[in-house]
Structure formats: structure tokens, C-alpha cells
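Please look over the sequence and the model below. The report follows it.

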There are 2 protein chains.
Amino acid sequence: MATSWLAVDPGCSFTLQNLPYGVFSHSAGQPRIGTAIGSNILDLAVLQSKGLFQGPHLRQSDCFSQTTLNAFMALGRPAWTEARARIQALLRADEPALRDNEELRKAALISQSKAIMHLPANIPDYTDFYASREHATTCGTILRGKENALMPNWLHIPIAYHGRSSSIVVSGTPVRRPRGQLNPDSNAQPHTAACKWLDFELEMAAFIGGPPNALGQPVSTAEAADRLFGLVLMNDWSARDIQKWEGQPLGPFTAKNWATSISPWVVTFDALQPFRCEAPGQEATSPQVQAYLQEPDRHSFNIQLSVEITPLGNTTPTVITRSNFKHLYWTLEQMVAHHSVTGCPMRPGDLLATGTISCDGELGQGSLLEQTMGGKQAVELEGGEKRTFLQDGDTVTMRGWCEAGGVGLGFGSCTGQVVSAHP
Amino acid sequence: MATSWLAVDPGCSFTLQNLPYGVFSHSAGQPRIGTAIGSNILDLAVLQSKGLFQGPHLRQSDCFSQTTLNAFMALGRPAWTEARARIQALLRADEPALRDNEELRKAALISQSKAIMHLPANIPDYTDFYASREHATTCGTILRGKENALMPNWLHIPIAYHGRSSSIVVSGTPVRRPRGQLNPDSNAQPHTAACKWLDFELEMAAFIGGPPNALGQPVSTAEAADRLFGLVLMNDWSARDIQKWEGQPLGPFTAKNWATSISPWVVTFDALQPFRCEAPGQEATSPQVQAYLQEPDRHSFNIQLSVEITPLGNTTPTVITRSNFKHLYWTLEQMVAHHSVTGCPMRPGDLLATGTISCDGELGQGSLLEQTMGGKQAVELEGGEKRTFLQDGDTVTMRGWCEAGGVGLGFGSCTGQVVSAHP
């Protein structure tokens with residue numbers, strides 16, 4: 001396996017296999033595109049300006065000096081493959097072009113500790129799916145009882161709703177506990193107050209790339225693979241008490257429009273290929289899923305996921321969720337095909353989130369709603385504190401990690417601290 | 001009342017009182033900003049480049065040579081007021097600056113018949129409300145019966161869902177009948193087919209302007225007035241059979257993500273002031289609406305609305321809906337305050353639609369779903385054709401018109417023809 005002339009600590013997320021894309025700035029400079037390698041960022045705008053991307057799909061482009069990844073995402077798979085191969089070559093131990101050019105190395109390598117990370121893209125539209133069968137089953141059980149846990153449409157449709165893109169923030173941004181309209185005891189008069197049932201949702205989200213499909217032109221599951229640019233971790237912060245009162249008949253609105261955190265580094269599907277695995281069988285959908293949801297190459301990815309809560313003033317995080325992307329019932333290709341079956345245009349930078357990723361097992365629940373069965377059973381944290389929902393000062397951190405045959409890569413983290421509501 | 005040196009036909013939508021903003025192009029030129037006056041467009045990019053906007057809020061700006069209105073929207077109310085006063089002055093009969101400058105007039109006046117209209121803004125986020133009590137009551141009656149027509153939350157919350165901005169198109173764009181997943185007989189197996197219950201929804205939509213509120217910072221009803229830039233007509237095309245099967249628990253998704261048409265000319269709230277009227281009383285909300293939804297200056301606008309259907313090959317349109325914006329139970333200010341009560345950022349160019357605008361009376365229903373009570377009673381068109389839902393080739397045209405004390409203005413039209421589904 002190829003190694004880099006740059007030191008990459010064992011267990012580091014950002015290996016030579018990974019090379020995720022992100023938007024960073026440092027000192028007074030404009031945000032621009034970089035890739036993470038070890039504890040550094042390789043400034044791709046510098047490399048591009050020095051003429052180091054001379055392949056046919058990139059030599060005319062200034063995509064890496066943009067303040068978002070949208071232009072690079074729009075170029076499509078041939079450009080992504082070309083960029084990845086070139087960056088991997090420049091970092092390989094046996095390649096002198098960057099290794100032996102001290103001036104260029106100084107200009108192009110920045111310590112991650114000195115960089116500020118930004119949202120990786122301008123997100124034209126954000127969609128949140130509901131693709132985990134375990135999550136939908138537990139939520140349905142809490143709301144409607146075990147017998148009617150899954151809605152009749154759930155095994156046929158990758159259920160989703162349009163989300164709010166204006167409140168998507170990059171990991172590290174503090175999130176303010178929202179005020180809103182509540183009616184915990186559904187018969188009485190509602191009131192306006194700070195959310196009491198503040199929750200996280202462990203999700204991942206895919207950025208769409210390639211040229212947009214025209215209005216009226218669906219994207220098939222086969223075509224979807226070339227429209228999937230990369231993945232990030234997502235915390236879909238949720239105000240459960242607001243959601244309970246507003247949610248019918250049109251779905252969540254202010255319960256989820258106040259903050260959605262994503263990790264800053266977009267891990268590409270090219271990097272994820274060594275971690276492909278089988279997706280769950282869909283035999284439960286009888287007789288079978290609709291033709292437009294069938295896949296020539298159905299697969300998932302083995303991505304281990306965790307959620308930690310760290311209360312204010314506590315230095316020991318408690319891992320309260322362990323789950324895996326591979327459990328999702330609906331694949332990303334099926335999400336794209338369903339989203340666009342009516343001809344809905346998918347634009348570069350659009351974000352498709354999976355919904356909460358839960359699985360069976362003790363720590364498998366990807367939200368406090370599920371862990372506490374609707375706030376009924378408290379979770380114990382290291383040091384003895386208990387939680388049904390999040391308290392002010394709590395920091396929630398999500399991590400993602402892939403490992404196979406001695407090759408590993410990570411997603412870094414998606415973190416955010418809850419700050420108290422406006423009085 | 002002031003008149004223009006430019007001829008404006010009686011009954012024309014685009015009077016000197018109106019001066020709506022739009023994005024247009026002609027010949028090979030770039031799209032830019034104009035205002036409609038009579039049957040012409042006044043090219044504001046030309047006027048700006050000639051230095052004709054020298055007020056303090058516009059003299060440094062090139063907002064009118066942009067390809068969208070977002071930059072102008074972002075400038076906020078002082079700039080909007082300044083621009084309106086200046087344009088109105090330049091067009092007034094007694095003002096020679098433009099009237100007597102033939103060269104400038106030739107460069108700046110374009111016949112609307114020679115222009116192509118574009119979407120007025122890049123729409124970062126699109127939200128669709130459900131603000132008509134008559135509409136919500138009729139839909140609820142069709143779904144749940146008369147006794148439970150209004151959901152318990154409806155009188156307390158301006159209910160809404162996030163919509164899809166990628167499929168918003170300008171008036172005149174043909175809309176393709178979508179294919180999707182259907183289950184008209186809810187117990188059987190779903191199937192994939194072209195939508196059979198294709199519907200329109202008569203709506204209006206407000207563009208947000210001004211600098212965005214920070215994440216976590218609500219916008220009050222009092223502040224909302226300065227965040228409301230202008231209004232357009234909207235047809236929220238809906239696939240009722242897809243909606244019926246997918247709609248629970250998270251609301252409409254593919255049923256409404258394939259086309260939403262808006263009129264090209266944004267009529268400003270400054271222009272609408274002469275048509276202010278009382279908004280419906282909210283005594284039905286007991287004891288009263290929440291404090292954050294109360295208004296220092298509650299009002300609505302008297303805007304007459306109509307919908308026509310013209311079948312293919314038929315030259316006579318049938319007016320099948322007559323309604324009025326003033327019937328909406330929730331005001332735009334309440335929508336903004338509710339949307340942002342949790343701290344959701346509202347950005348310039350965001351679009352807030354009202355939901356279907358229905359009222360009592362024979363033609364008061366703003367959708368075929370309501371007119372036909374769920375497809376049960378056909379509507380008769382001129383020439384004898386009948387409709388429960390829309391057929392291929394049908395053109396749906398919406399119009400809006402204000403009149404008070406001899407002053408009138410119009411919204412022009414929002415039109416679209418249904419083309420047949422992909423095979």
C-alpha cells in the first residue's frame with residue numbers, strides 16, 4: 001500500500017486513501033479548497049495556481065480557488081477521478097514534485113490547527129430522508145404502538161421531507177436552544193417557551209455533483225452513482241416538543257429549521273470503495289420494490305458511527321450511540337432515484353441526508369428520543385449525570401470510521417455545544 | 001394622480017403606481033433587472049450605468065446589472081424606497097431627464113413582447129404555508145370529515161413545510177406531468193405511473209429582503225415588514241395521487257417537487273400600500289394567538305385573484321376560481337415571525353408562499369381538489385368539456401389585480417401548460 005512522504009499518524013482519519021475535500025481559511029486569506037492529509041491541509045488553490053493540475057478535465061478550471069466546492073462538484077466524476085489521482089500522486093512517497101520543492105510545500109501545507117473550516121458548499125436544496133428501518137420502527141412504536149410501528153408506505157418509498165438549508169452550519173458552531181410553540185399536554189392551550197426536549201439525530205449526508213438533470217428528467221439508480229460526490233457526518237438537531245405539536249399534517253418545520261451541523265471534510269465515494277458492503281435485503285417489500293428503485297449494483301458502505309455527549313465542565317465524553325451506515329434500508333442511489341422520479345432537478349451542492357441511522361442492540365439508537373423511549377428512561381453519563389434530553393452546555397460529537405484489510409479512513413468529527421435559549 | 005410621459009393603456013397591470021421588478025433578457029444580452037411600465041420594460045441596468053441612481057443607498061451599487069434581484073433585495077427598505085421614488089420620478093410626465101433624452105430612451109426601453117423573462121431571484125430556500133382557513137377546512141373535510149376538518153394546531157400555528165426550490169420555474173414554462181409512486185386504493189400494492197390527479201393551487205408568494213438574521217435570532221412581526229420585499233403569483237402544481245400515498249408522516253415530497261410556477265414581476269409592498277385592508281380577526285384562536293404572533297399593525301391586502309383553464313385547441317378560457325389574498329387567516333408578518341421564532345435565518349431571495357388561497361362562495365376554491373370535493377364532482381368548462389383534474393394540454397393561468405380609489409395595478413399572469421408524461 002502506498003504511503004506518503006508526509007507523516008500520517010496511525011489511526012489518523014486523513015490517510016492517503018482518504019483525501020477528503022473541504023473549504024478552509026487561515027490568517028486573513030479568502031476561503032479556498034483543500035484536502036486533509038494527516039494533521040495538515042494541502043491547499044489545492046495553490047497547487048492549481050502553480051499549474052499542477054494539467055489533466056484534460058481540470059487544466060482550464062479554477063475550481064479550487066472558489067469559496068465553495070460547488071464548481072468542482074459540478075464538473076462530474078471524470079474531473080473528480082482526475083483530481084484524486086493527481087493529489088494522491090503528489091503526496092506519494094516516491095513522487096518528488098511537491099516533496100522536494102520546499103517553497104511550494106511551505107505555500108501549500110497548512111496545519112489544521114491554524115485553519116478555520118467553513119461549510120463545504122453552498123447548499124441549494126437540502127433533503128432529509130427517513131431511511132433507517134430501526135429508527136422508523138422505534139419512532140412509530142413510540143407514537144403509534146408496536147402493531148402499527150411502520151407506516152404502510154415505508155417499505156415501498158424512501159420517505160423524506162425537504163429541509164431548511166439556511167440553518168446548516170459547520171461542525172463547531174454553537175447551537176442555541178430554540179424557543180417555539182409547544183403543547184406537551186396536547187389538549188391544553190399551547191405556550192411559547194424554550195424547547196425542553198432537545199435532541200440530536202445521528203445522520204450522514206451526501207453531496208450531489210455533476211451537471212443538474214433538466215426539469216422533468218428523472219435520474220435512474222444506475223445514473224445516481226455518478227451524481228454522488230461525497231459524504232459528511234450530520235447532526236440533525238431536533239426540538240421534539242415543538243415537533244410533536246406542529247408536525248401534522250405537513251411534517252417537521254420549526255422543530256428542525258434552527259440548526260443542522262455537518263462535518264467539514266467531504267469524504268468522496270472514490271475513497272469509500274474499499275469499504276463497500278452489502279445493503280440490507282429488501283425482501284420485506286412484497287412483492288418487490290418498484291422498478292425505478294431497483295438497482296443494478298445495490299451496495300452500501302461499512303462506516304462505523306458513534307455519538308458522544310460531554311456535559312459542560314466534564315472532560316470525559318460518554319459514548320451513547322454506536323451504529324453503522326450499512327444498516328440503512330434505502331441506499332443513496334435509491335434516494336436519488338426516488339427524489340427525481342417526478343423530474344425534480346438535483347443540483348451540484350444539494351445535500352441528501354439519510355435520516356437517523358439506528359440499528360439493533362444496546363447502543364444502536366441514533367437519538368435520545370429512541371434511547372429513552374420518548375423521554376421515559378434516562379441515560380446515564382460518565383460521572384453519574386443523567387439525561388433524557390440534552391441540557392445547556394452539553395457537547396454532542398459524532399464520529400465516523402472505516403477499516404478494511406489494513407486500510408482505514410475517518411470522517412473526522414461533527415460537534416456542537418448547546419447554548420442556552422434567549423430569555 | 002401622477003401620470004407618465006409613456007403611454008399606459010387603461011386597465012394595464014403595469015401602471016406608474018406599480019413598477020414591479022423583474023429579470024429579463026433580449027437578443028443576445030445578459031439577463032438584467034428591469035421594471036415593467038405599460039407594455040414596455042425600463043432597463044434599470046442601463047439607467048444605473050448612466051449614473052441615474054445617485055441617492056445614498058444606490059450610488060455605489062451595481063445591483064441592477066445583476067442576473068437576479070438578490071443583491072437589490074439584500075440592500076433593504078431604504079434602498080427600495082429610494083429606487084422606487086427615483087424610477088417614478090424619471091417616468092413622470094413632468095420630468096424631462098429620460099423623456100427628452102431620445103438616445104437614453106432608445107437604450108433603456110424595451111417592448112415586453114421582445115423580452116424573455118427569467119426567475120426574479122436565486123431562491124436559497126422556499127417555504128410553503130397553509131394559511132387559508134377555507135382551504136385547510138375543505139382539505140380536512142375531504143380527508144377526515146367535517147367534525148375534524150381543522151387540525152387542533154391550525155388556529156395556533158401558521159402551518160408550513162419546506163418546499164423544493166430547484167423546481168421553481170417562471171411563468172410560461174411548460175410543466176411535464178410527473179410519474180411517481182401511487183396507491184389510489186390504499187390497501188393494494190402501489191405502482192409507478194403518470195399522475196392522474198394533477199392539480200393546480202392558487203397561491204401568492206413573498207420574496208424576503210434585507211440583511212439575513214443571524215442563526216438563533218428571531219424576526220418579530222414588527223421587524224417582518226422591513227424583511228418583505230414583494231409579491232408574485234404562484235401555481236403550486238400538485239400530484240394528488242402521489243401526495244395521498246407518500247404524505248404521511250413527513251408531509252408532501254415528490255407530489256410537489258416537480259414544478260412550481262411563479263409570475264415574473266415582483267410587485268413591491270410599497271406599491272401595495274393603497275390596497276391595504278383588514279386581515280381576518282383571530283378571535284377563533286382562544287384565548288388568543290401566542291405573543292410572538294401578535295402584530296402592532298395587523299393588515300392584509302385587497303388583491304383579487306382568478307384562475308383560468310384553457311384546454312388544448314380551445315381559445316376560450318374558463319374562469320374556475322375567484323378569490324382574494326385578503327381572506328388569508330395568517331398574515332405574511334406572522335409567517336415570518338413563526339418561521340424564525342426558533343432562530344432560523346431568512347435570507348434575501350427566500351420565498352414564502354401562502355398556500356392555496358380559497359374563500360367561501362361558488363368559485364372560491366383555489367384548487368381542483370376543493371372544487372371537485374376530491375375528484376367527485378366534475379367542473380364544466382366553456383365548450384362543454386369537463387374536468388375533475390387537469391388533462392394534458394390544459395393551460396392554467398392565474399391573475400392578480402388591485403383597485404382602490406381610481407388607482408389600479410396588476411400582477412400580470414402566472415401561466416403554464418401541462419405536457420404529457422414521459423412514456
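## Contacts of A:Glu201

In this predicted model, A:Glu201 touches a set of residues beyond its sequence neighbours (those up to four places away are not counted): A:His135, A:Met234, A:Asn235, A:Asp236, A:Ser238, A:Arg240, A:Lys256, A:Thr356, A:Gly366, A:Ser367 and A:Met398.

A:Glu201 sits in a loop of chain A. The loop runs between β12 (198–199) and β13 (202–208). Is A:Glu201 buried or exposed? Its relative accessible area is 4%. The cut-off for buried is under 20%, so A:Glu201 is buried.

## A:Glu203

A:Glu203 belongs to strand β13 of chain A. This residue is buried too, at 0% relative accessibility.

Leaving out residues up to four places away in sequence, A:Glu203 touches A:Asp128, A:Leu233, A:Met234 and A:Asp236. Its other contacts are A:Ala353, A:Thr354, A:Gly355, A:Thr356 and A:Ile357.

## The annotated site

Which residues does UniProt list for "binding site"? The unreviewed entry gives A:Asp128, A:Glu201, A:Glu203 and A:Asp236. They span 109 residues in sequence. Yet no two of their C-alpha atoms are more than 11.3 Å apart, so they gather at one spot.

Contacts link members of this list. A:Glu201 touches A:Asp236. A:Glu203 touches both A:Asp128 and A:Asp236.

## Two chains

Chain B superposes on chain A by a rotation of 180°, with 0.0 Å of shift along the axis. The RMSD is 0.0 Å. That is the relation of a two-fold axis.

Of the interface residues of chain B, 100% are also interface residues in chain A. The copies therefore meet through the same surface.

Definitions and conventions: Residues are numbered from 1 along each chain as its sequence is written. Chains are lettered from A and ligands numbered from 1 in the order in which they are written. This is a predicted model: local features need pLDDT of at least 70, side-chain atom pairs count only at pLDDT 80 or more; totals for chains, interfaces and linings use all residues. Side-chain values use heavy atoms; hydrogens and water are left out. Copies are superposed by least squares on the C-alpha atoms of residues with pLDDT of at least 70 in both. Contact means heavy atoms within 4.5 Å. UniProt positions are given in the numbering used here, feature names are shortened, and annotations may be inferred rather than shown by experiment. Helices (H or I, at least four residues) and strands (E, at least two) are DSSP runs, numbered from the N terminus. Buried means under 20% relative accessible area, exposed over 50%, partly exposed in between (1.4 Å probe, protein chains only).
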